Amino acid sequence: MTQHAATPFDLMQRLAGDIRELPGEQHHPAIQWAHLLCGLGAETPDEIAWCSSGLNLVVWLFTKASGQQVPRSKSAAARSWLALGRPVSVEQALAGFDVVILKRGVGTQPGPEVLDAPGHVGLFAGYDRLTNTVHVLGANQGNAITVAPFKDANVLGVRRLA
């Protein structure tokens, strides 16, 4: 049997379009499971910010399937990923195991040294030098797992998990 090298990026890409918030009082069970992996209650609704929970779910599933130990933050806080892996620049980032942590919100935002502040997190999907835009494959982007562009000025850090 041929073995294929896979990454968390590959797994999250396969889940894109299948995991999204459900309307009304319904909640997607995978999003609730993701929240549970981060210490939130089993009844946490899918409307609660789930970018970090979704990434934790993907890394957990990847680790279980591959047997490769990849760190996960075990937190629903996006900035918790700043404490993992090793830092790389946006220009050095690769799709696969590289996580992008971004500022979130308006006005002045604290820097990467502040982990207890709003943020967003996902997997690196590309960088457009012409527009200074980072493409992120992440959860809770348009209420689903999608690829979305972000200005590189909002990047707090890129961390390589493996």
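Q: Why is Leu57 called buried in this predicted model?
A: Leu57 has a relative accessible area of 4%. Buried means under 20%, so Leu57 counts as buried.

Q: Where does Leu57 lie, and what is it in contact with?
A: Leu57 lies in helix H3. Leaving aside neighbours within four places in sequence, its contacts are Ala30, Trp33, Ala34 and Leu37. Ala30, Ala34 and Leu37 are also among the buried residues of helix H2, residues 29–37.

Q: What makes a residue such as Ala30 count as a contact of Leu57?
A: Contact means heavy atoms within 4.5 Å, and Ala30 is in contact with Leu57.

Q: Which residues of H2 are buried, and what covers them?
A: The buried ones are Ala30, Ile31, Gln32, Ala34, His35 and Leu37. Their cover includes helix H3, residues 51–66.

Q: What follows H2?
A: Gly39 does, and its phi is positive, near 90°.

Q: Why is Ala16 called partly exposed?
A: The relative accessible area of Ala16 is 32%. Buried stops under 20% and exposed starts over 50%, with partly exposed in between, so Ala16 gets the middle label. Ala16 sits in the loop between H1 and H2.

Q: How far apart are Ala16 and Ala139, in sequence and in space?
A: They are 123 residues apart in sequence, while their C-alpha atoms are 8.5 Å apart in space. Both Ala16 and Ala139 are touched by Ile145.

Q: What else does Ile145 touch?
A: Not counting residues up to four places away in sequence, Ile145 also touches Met12, Leu15, Gly17, Ile19, Trp50, Leu137 and Gly138. Ile145 is one of the residues with the most contacts inside the largest nonpolar core, along with Leu55, Trp81, Val99 and Val121.

Q: How many residues does that largest core have, and which elements give two or more residues to it?
A: The core has 27 residues. Helix H1 (8–15), H2, H3, strand S2 (98–103) and strand S3 (119–128) each give two or more. H3 gives the most, with five residues. There is also a second, separate core of 11 residues, including Val90, Val134, Val155 and Val158.

Q: How many cavities of 30 Å³ or more does the structure hold, and what is the volume of the largest?
A: The structure holds one, and the largest cavity has a volume of about 40 Å³.

Q: What makes the empty space a cavity rather than a pocket?
A: In a cavity a 1.4 Å probe fits but cannot get out, whereas a pocket is open. Ile19, Ala30, Ile31, Ala34, Trp50, Gly54, Leu57 and Ile145 line the largest cavity. H2 and H3 are the elements that give two or more residues to this lining, and H2 gives the most, with three.

Q: How does the lining divide into nonpolar, polar and charged residues?
A: Seven are nonpolar, one is polar and none is charged. Gly counts as polar, so Gly54 is the polar one in this lining.

Q: Why is Gln109 called buried?
A: Gln109 has a relative accessible area of 18%. The cut-off is under 20%, so Gln109 is buried.

Q: Where is Gln109, and what does its side chain reach?
A: Gln109 is in the loop between S2 and S3. Its side chain reaches the backbone oxygen of Val106 at 3.1 Å. A polar contact has to be within 3.5 Å, and 3.1 Å satisfies that limit. Leaving aside neighbours within four places in sequence, Gln109 is in contact with Arg79, Lys103, Arg104 and Pro118.

Technical notes. Residues numbered from 1 in each chain as written. Predicted model: local features only at pLDDT ≥ 70, side-chain atom pairs only at ≥ 80, totals over all residues. Heavy atoms only, no water. Buried < 20%, exposed > 50% of the residue type's maximum accessible area, 1.4 Å probe, protein only. Helix = DSSP H or I, 4+ residues; strand = E, 2+ residues; numbered from the N terminus. Core = buried A, V, L, I, M, F, W, Y, C linked by side-chain atoms within 4.5 Å. 1 Å grid on protein atoms, 1.4 Å probe; cavity = no way out; pocket = protein on both sides within 12 Å on 5 of 7 lines; lining within 4 Å. Points joined across faces, edges and corners; volume = space filled by probe spheres on them. Polar contact = N/O pair within 3.5 Å; in protein donor to acceptor, adjacent residues only side chain to side chain.
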